[in-house]
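Me: I would like to go through this protein slowly, one question at a time. Could you take me through each step of the reasoning?

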Amino acid sequence: MVFGLGRTSPRVTAPLSFATVANVRTIAPEERERLIAAPGFGTVFTDHMVTIKWTGDHGWHDPQVRPREPFTLDPATMVLHYAQTIFEGLKAYPAEDNLVTLFRPGENARRFNASARRLAMPELPEHLFIAAIEHLVRADADWMPSGGGSLYLRPFMFADETFLGVRPAHSYVFCVIASPAGSYFKGGECPITVWVSDRYSRAAVGGTGAAKCGGNYAGSLAAQAEASLHGCDQVVFLDAAHHRWVEELGGMNIFFVMSDGSIVTPPLGTILPGITRASIISLARADGMLIEEKRYAADEWERDAANGRLREVFVCGTAATIVPVGKVCSRAGKCLIGDGEAGPVTRDLRHRLLAIQRGEAEDRFGWRHPIQLESPQEARAERAGRCE
């Protein structure tokens with residue numbers, strides 16, 4: 001398994017068994033129910049986490065399901081200085097027959113490894129990536145919100161070697177945590193307002209724009225703060241070379257729905273290859289819709305919104321799914337998209353995608369990944385066994 005600049009990561013030569021470290025300080029059921037009743041996004045966390053270690057000598061080893069707790073890091077830990085850290089995001093949805101479903105976790109595993117290669121980090125075998133998530137979902141299934149919520153899963157990896165030299169680290173930690181999730185935006189499905197930044201760039205050709213690494217998001221925060229100062233929910237980045245071509249938002253891909261029914265979305269290259277983005281493209285094309293992956297300029301956006309050629313704009317990502325854009329702002333002024341509300345194409349694609357994710361519609365693409373949970377009797381027996 002090759003990663004980075006020609007370095008080799010030892011393969012997993014034998015199946016790894018996940019050890020379980022009992023959590024004796026789990027949150028009481030009454031408090032857990034209170035927390036997941038209105039979890040918001042990213043503020044409530046479950047009882048456990050999964051970790052797997054990697055070193056140059058031993059490869060991937062020591063997988064554990066363990067209590068969620070802080071990491072202890074030396075001040076010279078390399079991630080704190082050189083930002084070798086990557087992550088993913090996906091959701092688990094409740095289903096019938098004591099099942100929970102993931103949405104295309106294999107795609108997350110493959111994108112995770114693409115990010116790892118770009119940052120000279122070891123690749124994690126796809127089966128281990130998915131197994132780690134499955135173990136955590138089973139351990140913390142009681143944290144699944146009801147009423148349309150989901151369990152947001154955050155796999156990540158960071159360099160934990162203590163060293164101040166500039167080179168790829170020799171040891172890493174892979175971890176998965178979980179967070180009960182409601183709506184990503186405060187307004188739920190309401191249209192958002194976006195700010196087109198002409199001061200900041202997110203990525204350039206040859207850079208890390210297609211990698212899901214911490215530095216990309218840190219670099220977007222000043223632009224996001226600028227958007228907030230102008231009363232906008234999110235920032236839209238243009239290309240670094242010409243500051244003309246629309247690329248993506250701080251954490252989401254973007255689509256434009258035209259008056260002839262066609263849909264335009266920026267091409268891959270310097271933007272993140274979103275899994276929700278790819279799913280929307282497949283879903284729309286399977287239904288005969290024309291989707292073009294091509295460059296679209298900010299001045300075209302403004303002109304098409306004014307003359308009616310542009311009917312709808314929506315953004316997408318794992319956390320937000322599909323959200324309409326009602327208004328676009330920039331230093332040149334403001335304009336509404338259509339009537340400022342969610343359009344029919346946006347609503348239809350959102351409804352159909354969510355229906356597949358939640359098991360309410362036929363999974364004709366084979367996107368759902370089921371996880372069989374323990375029965376209550378099995379769970380009680382396992383807990384009793386750990387206490388002996």
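Reply: Gladly; please keep in mind that this is a predicted model. A good place to begin is Met78, which touches Ala83, Ala159, Glu161, Phe163, Gly165, Arg167, Pro168 and Ala169, once residues up to four places away in sequence are left out.

Me: Where along the chain does Met78 lie?
Reply: To place Met78, we look for the elements on either side of it, which are strand E5, covering 59-67, and helix H2, covering 79-82. Met78 therefore belongs to neither element under the DSSP runs used here, and its place is the loop between E5 and H2.

Me: Is Met78 buried or exposed?
Reply: The relative accessibility of Met78 is 2%. Buried means under 20% relative accessible area, so with its 2% Met78 counts as buried.

Me: What distance separates the C-alpha atoms of Met78 and Thr162?
Reply: Along the chain, Met78 and Thr162 are 84 residues apart. In space, however, the separation of their C-alpha atoms is 6.0 Å.

Me: Which element gives the most to the lining of the second largest pocket?
Reply: The second largest pocket has a volume of about 740 Å³, and of the 37 residues that line it, the closest to its centre are Phe87, Tyr152, Arg154, Lys212 and Tyr217. Several elements each supply at least two residues of this lining, among them strand E9 (150-159), strand E10 (171-181) and helix H5 (214-229). With four residues, the element that gives the most is H5.

Me: How many residues in the lining of the second largest pocket are charged?
Reply: The lining of this pocket divides into three groups, of which 18 residues are nonpolar and 14 are polar. The remaining group, the charged residues, numbers five.

Me: From which element does the largest share of the lining of the largest cavity come?
Reply: A search of the whole structure finds one cavity of 30 Å³ or more, and the largest cavity has a volume of about 80 Å³. Its lining includes Gly89, Leu90, Lys91, Tyr93 and Ile275, while strand E7 (90-95) and H6 each supply at least two of the lining residues. The largest share is three residues, and the element they come from is E7.

Me: Over which residues does pLDDT stay under 50?
Reply: The protein as a whole averages a pLDDT of 91, and 91% of the residues score at least 70. One stretch, for which the model has 24 contacts beyond four places in sequence, stays under 50, and that stretch is residues 1-8.

Key. Residues numbered from 1 in each chain as written. Predicted model: local features only at pLDDT ≥ 70, side-chain atom pairs only at ≥ 80, totals over all residues. Heavy atoms only, no water. pLDDT = per-residue confidence, 0-100. Contact = heavy atoms within 4.5 Å. 1 Å grid on protein atoms, 1.4 Å probe; cavity = no way out; pocket = protein on both sides within 12 Å on 5 of 7 lines; lining within 4 Å. Points joined across faces, edges and corners; volume = space filled by probe spheres on them. Nonpolar A, V, L, I, M, F, W, Y, C, P; charged D, E, K, R; others polar. Buried < 20%, exposed > 50% of the residue type's maximum accessible area, 1.4 Å probe, protein only.
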